[in-house]
Amino acid sequence: MCSINLSSEIEEHLPLRLLKLMKEAGEKAEELGQRLYLVGGGVRDLLLQRPNFDLDLVVEGDALKLAKCLAETSRVKLVVHPRFGTAKLSYTDFSLDLATARLETYAKPGALPMVIPGTIIDDLIRRDFSINAMAICLTPERYGELIDPYNGKNDLENRLIRILYQRSFVDDATRIFRALRYEQRLGFQLESNTAKLLQRNVSMINTISGNRIRHELELILKENRPEPAIQRADELRVLKQLHPSLKGNGWLANKFEQVRQLAKPSQILTLYLCILIYPLSKEENEQFLYRLNFPKRSAQAMRHALNLKAQLPDLAKPHLKPSDVYQLLHNYTSQAVQANAIASDSPVINQQLQLYLNKLHYVKPLLNGEAIKGLGVPPGPQLGRILQILHVAKLNGRVKTKKQEEELVRSWLAGNS
Ligand code: ATP
């Protein structure tokens, strides 16, 4: 078979500084008697001409030794994980992950693999899909040579996601989630045998720990538009394995879109999770939280979102004052309120939730405790009470200026003396 050389593609598509670093790394590897390869997503995205500057490099030899040598010659942050034989070099606008080429075997389905050092081919055959199982040699002697044992380049051209062997999803069912993520991100299709095996093996998701499933779900939710992958997961009965009541329908797609339009980037992931579990009962949500072993913070946001959902009818009652709305909502996190503002389809309820988020949440009296004491209110429960009265008056627009607040304190004192 004639070998393909991609050195011109590398030169054309990678930023100059990154290119220089990779060449230097390849030369250094050769000096140390090792071979260096660009692997996985970096090769896939180079061939697709999609930007990807967080690159994975594999070393036939000793990745830690090479990473240390590279860190000595350029000023760069180096983090090593000796247990895994991996190292990360972080430059200002990109990073290089180095790993020793390894051979993996699975003791039982869903277990983490057993690992021993290996060749680049060993390292490629342990991978998930043909499009991720390619490498480009970076050592000078074979610089730019494509190593493609599963015809991944062909699958990229035909836009196909293909597993490498029949038992792939059985050995590691996280690949089911990964398949859907790449399929939807790249607008590819599952190759027909892969699609058949995926459907046949969806129940293997039960062999995966909650943490690993949650990690894969979060990777999907971090995609630019996660909803097509969630919808596909529903269609292929993957979502049902996480909880039978989860749905990836048009409603969810529409709400995810609103999350992106309305939320701060740091809140998007939690809000997606709140939308995902919104159709669940509290009990079902608890089962889902337990299965995926959600950490406290996100679990709490999801619980709050459902607790508030149960209270929403109170917000539709007639003649509510702003202080009543505040009273109903102030114990919930703003994420729970925002999730309900997006998820609820009632205009009246939405108006109240928006009023709280945009205004009431921030309302505070101008007078603080010291200023109120200065007007003659003694410290203790009375001070707390008048602060509360001022807050309610302020929420309902009965006092606006500092002077009006002082008058309210004085008249309250007069009435209570
Ligand atoms: P992304 O663009 O999503 O970051 P990536 O290809 O860099 O894609 P990673 O999750 O960083 O993806 O994984 C790096 C490489 O490790 C993948 O390209 C794939 O070859 C391999 N890999 C990751 N997870 C698995 C898995 N569960 N089974 C086999 N190979 C995997």
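1. How far is an oxygen atom of the ligand from an N or O atom in the side chain of Arg-178? In this model, which is predicted rather than determined by experiment, the separation between that ligand oxygen and the Arg-178 side-chain atom comes to 3.2 Å. With the protein in place, 73% of the 590 Å² that the ligand exposes when taken alone is buried.

2. Two further polar approaches to the ligand deserve a look in the structure. The side chain of Arg-44 brings an N or O atom to 2.9 Å from an oxygen atom of the ligand, whereas at Gly-41 it is a polar backbone atom that lies 3.4 Å from a ligand oxygen.

3. As for the surroundings as a whole, the ligand sits in the largest pocket, and 15 residues surround the ligand there. The closest of these residues are Arg-44, Asp-172, Arg-175, Arg-181 and Arg-185.

4. The make-up of this shell can be given by residue class: ten of its residues are charged, four are polar and one is nonpolar.

5. A reader tracing the shell along the chain may start with two helices, H3, which covers residues 41-48, and H8, which covers residues 174-186, since each of them supplies at least two residues of the shell. Of the elements that take part, H8 gives the most, with six residues.

6. Away from the ligand, the salt bridges merit a separate remark. Side chains of opposite charge can pair when their charged atoms come close. The count for this model is 33 salt bridges, and one of them joins the side chains of Lys-23 and Glu-11, with an N to O distance of 3.3 Å. This pair links distant parts of the chain, as Lys-23 belongs to helix H2 (residues 16-31) and Glu-11 to helix H1 (residues 7-13), the two residues being twelve residues apart.

Note on methods
Residues numbered from 1 in each chain as written. Predicted model: local features only at pLDDT ≥ 70, side-chain atom pairs only at ≥ 80, totals over all residues. Heavy atoms only, no water. Near = heavy atom within 4 Å. Polar contact = N/O pair within 3.5 Å; in protein donor to acceptor, adjacent residues only side chain to side chain. Areas by Shrake-Rupley, 256 points an atom, 1.4 Å probe, with all protein chains shown as cover. 1 Å grid on protein atoms, 1.4 Å probe; cavity = no way out; pocket = protein on both sides within 12 Å on 5 of 7 lines; lining within 4 Å. Sits in = over half its atoms within 2 Å of the grid points. Helix = DSSP H or I, 4+ residues; strand = E, 2+ residues; numbered from the N terminus. Nonpolar A, V, L, I, M, F, W, Y, C, P; charged D, E, K, R; others polar. Salt bridge = Lys/Arg side-chain N within 4 Å of Asp/Glu carboxyl O.
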